[in-house]
Amino acid sequence: MTQPQAEILSQGDELVMGQIADTNGAWLSERLTELGFSVTRHTTVGDEVHTLTTVLREIAARADLCVCTGGLGPTLDDLTAEAVAQAFARPLKEDPEALRQIQVWFAGRADPMPEANRKQAFLPEGSRRLDNLRGTAPGFALDHGGCRFFFLPGVPHEMEFMFERLVKADIQSSFPTRPVQRVTLRVLGVGESTLQQRLDPFALPPGIKLGFRTVPPENHVKLQFPADFPVPERDLLIDEIRRAIGTAVFSIDTPERPEGTLIECVDRLMRHADASLATLETVSRGHLAQLCGAFGWWTYGLVVPDGRAVVQHLELSPGNGPSDGPLDVAAIATHLRRRHGTSHALACMESPRNPSELVIAVASEVGTARVRHSLAGNPGYRRALSAALALDFLRRTLPAP
């Protein structure tokens, strides 16, 4: 079965000029792909009627589906309905129910409706109104040239609500699609070029798409399988790829079983081991504690700026071992675990000898393990990376379910 083609059209000068990011386009792309469409284009157009009409006609001639966002507001630069009217020869007509809903929206806030909002009740002739229960801008849908168009507000929470409540069901009933099978292997500590090199030997069966995505500090390996691809064969291939990448793979998301984020993986392992954790961090500046804070197994967290503060807060003498100069991070983790009575302790600090080197230690009832990593990038990235590397090292030391 050939996948129907979908396009996404976003409207607004603020998008074209880079003042805001088009998060709507990314969100819609993911949803349409899940529904079985091949998303072929994202188009962003400013507040100019002629350009909008031209693009709308082009999309109508080549796509099966188009979801458009933005340009449905009450101001002079909201031009989507006008552009649709011109592009498809559908004069704008006031929709009494749309006007009533706008008036009710303002009445619920004890405000009179500004006359400018009346503009939002004018919809292209023959279109189907899409009620907006979270704002003043109704959407609308229409078919033209073999393409089904949905026009939605640009405000993300309004757009997402209307898509899930109204658009999704329409699409599913109108297009004979089957969702593709998407699998994502989440990786930490291995770059895209290395991942590509490790996967080069694989000859993927026809119809399978392989891609990569960087979500700092992680990298994701993405595979898209046809809807009818046998699941046992898919899982065998995924297992081969996982082994080729190695232990840097911390989770695998399949349609049937998403394993989720790194902290979700650590949570499952900690609960399985009935473990408890105390943490100490310097370079991550509280990011590690923030990630662990929602879980009952995390019982204590210390965030300090440097090794001198560690000595002060844990009441240590400066000579805890020679391996890291004045401080031994492994000894600190052991001291932390015993002091707070936890099954595990995780210490994440810069090396006293080299601020660009991260030292991580995990202490448990069976001993202490330690690892080093190089740190680079801006302070925000270093914080996120050090916290992720610490959690990943904890993951590797915990027993598998």
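This passage walks through two pockets, a couple of helices and a few unusual backbone spots in a predicted model.

The pockets make a handy starting point. Rolling a probe the size of a water molecule over the atoms shows where empty space is left. The largest pocket comes out at a volume of about 930 Å³. Its lining takes in 30 residues, and those nearest the centre are Glu30, Arg182, Thr184, Arg213 and Lys222. Two or more lining residues come from each of helix H2 (23-34), strand E2 (38-45), E9, E10 and E11. Helix H2 chips in the most, with seven residues. As for chemistry, the lining of the largest pocket splits into twelve nonpolar, nine polar and nine charged residues.

The second largest pocket has a volume of about 390 Å³. It is lined by 26 residues, with Glu14, Gly70, Gly71, Gly154 and Val155 closest to its centre. Helix H1 (13-16), H2 and helix H6 (156-174) each hand over at least two residues to this lining. H2 therefore turns up in the linings of both pockets, going by the elements that supply two or more residues to the largest one and at least two to the second. Sorted by type, the residues around the second largest pocket are nine nonpolar, eleven polar and six charged.

Next comes the packing of helix H9, which covers residues 262-272. Its buried residues are Leu262, Ile263, Cys265, Val266, Asp267, Leu269 and Met270. What do these buried residues of H9 pack against? Their partners include three strands, namely E9 (181-188), E12 (249-253) and E13 (277-281). Two helices, H10 (287-292) and H13 (379-397), are on the list of partners as well. Strand E9 has already come up, as one of the elements lining the largest pocket. Just after H9 the backbone does something worth a look: Asp274 has a positive phi of about 50°.

Another helix, H3 (residues 49-62), holds Val55. Is Val55 buried or exposed? With a relative accessible area of 10%, Val55 falls under the 20% cut-off, so this residue counts as buried. Leaving aside residues up to four places away in sequence, Val55 touches Leu9, Thr43 and Val45. Take Thr43 from that group: Thr43 and Val55 are twelve residues apart along the chain, and their C-alpha atoms are separated by 8.4 Å.

That leaves the backbone oddities. Most residues other than glycine have a negative phi, and most peptide bonds are trans. Against that background, Ala89 stands out with a positive phi near 55°. This alanine, Ala89, sits in the loop between helix H4 (80-87) and strand E4 (92-94). Its relative accessibility is 66%, and the bar for exposed is over 50%, so Ala89 is exposed. Ala110 also has a positive phi, in this case near 60°. Its place is the loop that runs between helix H5 (96-107) and strand E5 (122-124). The relative accessible area of Ala110 is 68%, which means that Ala110 counts as exposed too.

The last oddity is a peptide bond. Pro216 and Pro217 are joined by a cis peptide bond, with omega at about 5°. Pro217 belongs to the loop between strand E10 (209-215) and strand E11 (218-225). Both of those strands, E10 and E11, are among the elements that give two or more residues to the lining of the largest pocket.

Terms used: Residues numbered from 1 in each chain as written. Predicted model: local features only at pLDDT ≥ 70, side-chain atom pairs only at ≥ 80, totals over all residues. Heavy atoms only, no water. Buried < 20%, exposed > 50% of the residue type's maximum accessible area, 1.4 Å probe, protein only. Helix = DSSP H or I, 4+ residues; strand = E, 2+ residues; numbered from the N terminus. Contact = heavy atoms within 4.5 Å. 1 Å grid on protein atoms, 1.4 Å probe; cavity = no way out; pocket = protein on both sides within 12 Å on 5 of 7 lines; lining within 4 Å. Points joined across faces, edges and corners; volume = space filled by probe spheres on them. Nonpolar A, V, L, I, M, F, W, Y, C, P; charged D, E, K, R; others polar.
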